[in-house]
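The following exercises are to be worked with the sequence and the model side by side. Each task is followed by a solution in steps.

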Amino acid sequence: MSDSDSGGGGHEQVPGRERKRFPGISSRAYEHPADRSALVALRKLSGFDTVFKALSGLLPERSLRLLFLSDSVRVGDQQFQHLHTMLLDACYILDLEKVPPMYVTQDPQPNAMCIGLDEPIIVVTTGLVELLDEEEMRAVVGHEVGHALSGHSVYRTILLFLTNFALKVAWIPLGNIAIMAIVTALREWFRKSELSADRAGLLVGQDLRASMRGLMKIAGGNHLHEMNVDAFLAQAEEYESGGDLRDSVLKIMNVLPRSHPFTTVRAAELKKWAESRDYQRLMDGHYPRRDEDKDTSVTDSFKESATHYAESVRSSKDPLMGLVRDIAGGAGDLGGKLRDTFTGRGGTSTKQGPGEGPEDPPGDADGGQRGSTER
C-alpha cells in the first residue's frame with residue numbers, strides 16, 4: 001500500500017463519513033496486554049504508593065493548568081474550531097462523558113500529551129497541527145482521548161515531574177538511583193501505554209491508512225510523496241530480526257531513555273492489531289464494558305499478559321529472544337550457542353574429517369551471516 005498520492009500537511013477537508021460509536025466501552029477493550037501488566041507491576045513497585053501519595057500533594061498541577069491557560073491557546077468554538085470538533089467527536093465515539101480541556105502550544109517539535117492528576121488536559125504543539133492533515137490529526141486526538149479514558153495522564157504527569165527532579169538530585173548518589181529506578185519503571189510502562197493509545201486513535205479515526213501516515217510523518221516529516229507504507233513497515237521487520245546479540249543489547253539501551261516506542265515499531269504493532277480477530281470483534285460491537293471493570297480479575301489480567309509475553313518470545317525474530325527460547329528449551333551446548341548468537345556466527349554444522357577444522361565462509365569476518373529480512 002503506497003501513500004505517495006496522499007495529501008500533505010495543512011487541514012484538507014475530507015468528505016464526512018459515518019464512524020462507529022462504542023457506548024460504555026472499557027479501556028480494557030483496546031489496552032495492550034503489556035500495558036496492563038506493566039501498570040500492575042508499577043503499582044506493586046516497592047515504595048511507589050508512598051512516593052505517589054507524596055507527589056500528589058507536591059506536583060504543581062494548578063500552576064501547570066494556569067500556565068497553559070495563560071501562554072497557550074485553548075481549543076474551543078472560537079479557537080481552533082476544527083480541533084474542537086475532533087475532540088468532541090473522539091469523546092463521543094469512546095463515550096468519555098467529561099471532555100478534557102485541550103490546548104495548542106507554540107512548539108515546532110511535533111508532539112501531543114495528556115497530563116493531569118485530578119483531571120486530564122490535552123496539549124498539542126503547533127508543529128504537530130501544521131504537520132498532519134485532517135484524518136491524521138483525528139487519530140492523534142483519539143490517541144490522547146484514549147490516554148484520558150485509560151487514566152494514563154496521572155502516571156504521565158508523575159513521569160514528567162520525576163524526570164526533571166532526577167536531574168536536580170543527580171549529585172546525590174543514592175537519591176538519584178532511587179528516583180531513576182522509578183523513572184525507568186514508569187518509562188517502560190508508558191512505552192506500552194502508547195501502543196494502547198495508538199489503538200484508541202484507530203478506534204476514533206477508523207482509518208488505518210491515516211494512522212499509518214501520521215506515524216510516518218512523525219518519523220520523516222511532511223514528505224509523503226517520498227515515503228511508502230510497505231517500505232516503512234519493512235523497516236520494523238528489519239529492526240526486529242536483523243543483527244546479532246550485540247544489536248539486541250543495543251536496542252535495549254537505545255529504548256531505555258525513551259518515553260515512546262520507536263515509530264516503525266508502533267506502526268507494525270498497530271497494523272497487526274487492526275488485522276486481528278480482537279479488533280474485528282470490537283468493531284462488530286463485542287467489547288468489555290466500563291460497568292464490568294469492577295468485576296475484572298487481576299489474576300486473569302496477569303494470565304493474559306503472561307500469555308502475550310510468551311507468544312511474543314515464541315514469535316520474535318530478535319536474536320536475544322531466540323537465545324531465551326533456546327535456554328527455556330534446554331539447549332545442549334549453551335556455551336557454544338551463547339558464543340554463536342553473540343558473535344553472529346551461525347549456519348549449519350558439517351562433519352569434519354580427521355585433522356580438519358571449521359572454515360569461515362568467505363566474505364564475512366565474523367564467520368556468520370547476519371539475518372536481515374526484507375519484505
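Helices are DSSP runs of H or I with at least four residues, and they are numbered from the N terminus. By this numbering, Glu135 belongs to helix H6. The model used throughout is predicted.

**Exercise 1. Describe the overall make-up of the protein.**

Step 1. Count the elements: the protein has 16 helices and 4 strands.
Step 2. Consider burial: 43% of the 375 residues count as buried.
Step 3. Consider contacts at a separation of 6 or more: 75% of them join residues 24 or more positions apart.

**Exercise 2. Characterise helix H6, from its start to the residue just after it.**

Step 1. Establish the extent. H6 covers residues 134–150, 17 residues in total. From first to last C-alpha it reaches 24 Å, close to the 24 Å expected at 1.5 Å a residue.
Step 2. Assess the covering. H6 is mostly covered, with 17 of its 17 residues buried.
Step 3. Inspect the start. A side-chain oxygen of Asp133 comes to within 3.2 Å of the backbone nitrogen of Glu135.
Step 4. Examine Glu135 itself. Its relative accessible area is 7%, and the cut-off for buried is under 20%, so Glu135 is buried. The side chain of Glu135 also makes a polar contact of 3.1 Å with the side chain of Arg138.
Step 5. Look just past the helix. Gly151 takes a positive phi of about 80 degrees there.

**Exercise 3. Determine how H6 packs against helix H9.**

Step 1. Choose the descriptors. Two packed helices are described by the angle between their axes and the distance between the axes.
Step 2. Read the values. H6 and H9 (residues 208–220) pack at about 90 degrees, with axes 8 Å apart.
Step 3. Classify the angle. Because angles of 65 to 115 degrees count as roughly perpendicular, H6 is roughly perpendicular to H9.
Step 4. List the residues that meet. From H6 these are Glu135, Glu136 and Ala139; from H9 they are Ala210, Ser211, Arg213, Gly214 and Lys217.
Step 5. Sort them by class. The contact has 2 nonpolar, 2 polar and 4 charged residues.

**Exercise 4. Locate Gln206 and identify what its side chain reaches.**

Step 1. Gln206 is placed in the loop between helix H8 (173–205) and H9.
Step 2. With 18% relative accessibility, Gln206 counts as buried.
Step 3. Its side chain reaches the backbone oxygen of Lys20 at 2.8 Å.

**Exercise 5. Compare the settings of Phe80 and Asp95, two residues with positive phi.**

Step 1. Recall the background. Most residues other than glycine have a negative phi.
Step 2. Note the angles. Phi of Phe80 is near 45 degrees, while Asp95 has a phi of about 60 degrees.
Step 3. Place the residues. Phe80 lies in the loop between strand S1 (73–74) and helix H4 (81–93). Asp95 is in the loop between H4 and strand S2 (102–105).
Step 4. Apply the accessibility values. Phe80, at 30%, counts as partly exposed, whereas Asp95, at 19%, is buried.

**Exercise 6. Describe the surroundings of Ser196.**

Step 1. Ser196 lies in helix H8.
Step 2. At 0% relative accessibility, Ser196 counts as buried.
Step 3. Leaving out residues up to four places away in sequence, Ser196 touches Tyr30, Glu31, His32, Asp35 and His152.
Step 4. Ser196 and Pro33 are 163 residues apart in sequence, and their C-alpha atoms are 8.7 Å apart in space.

Technical notes: Residues are numbered from 1 along each chain as its sequence is written. This is a predicted model: local features need pLDDT of at least 70, side-chain atom pairs count only at pLDDT 80 or more; totals for chains, interfaces and linings use all residues. Side-chain values use heavy atoms; hydrogens and water are left out. Helices (H or I, at least four residues) and strands (E, at least two) are DSSP runs, numbered from the N terminus. The expected span of a helix is 1.5 Å times one less than its number of residues. Buried means under 20% relative accessible area, exposed over 50%, partly exposed in between (1.4 Å probe, protein chains only). A polar contact is a pair of N or O atoms within 3.5 Å; within protein, one must be able to donate a hydrogen and the other to accept it, and residues adjacent in sequence count only if both atoms are side-chain atoms. Axes are lines fitted to C-alpha atoms, for helices over the stretch in contact, and angles run from 0 to 180 degrees between N-to-C directions. Angles under 35 degrees count as roughly parallel, over 145 as roughly antiparallel, 65 to 115 as roughly perpendicular and the rest as oblique. Contact means heavy atoms within 4.5 Å. Ala, Val, Leu, Ile, Met, Phe, Trp, Tyr, Cys and Pro count as nonpolar, Asp, Glu, Lys and Arg as charged, and the others, Gly among them, as polar.
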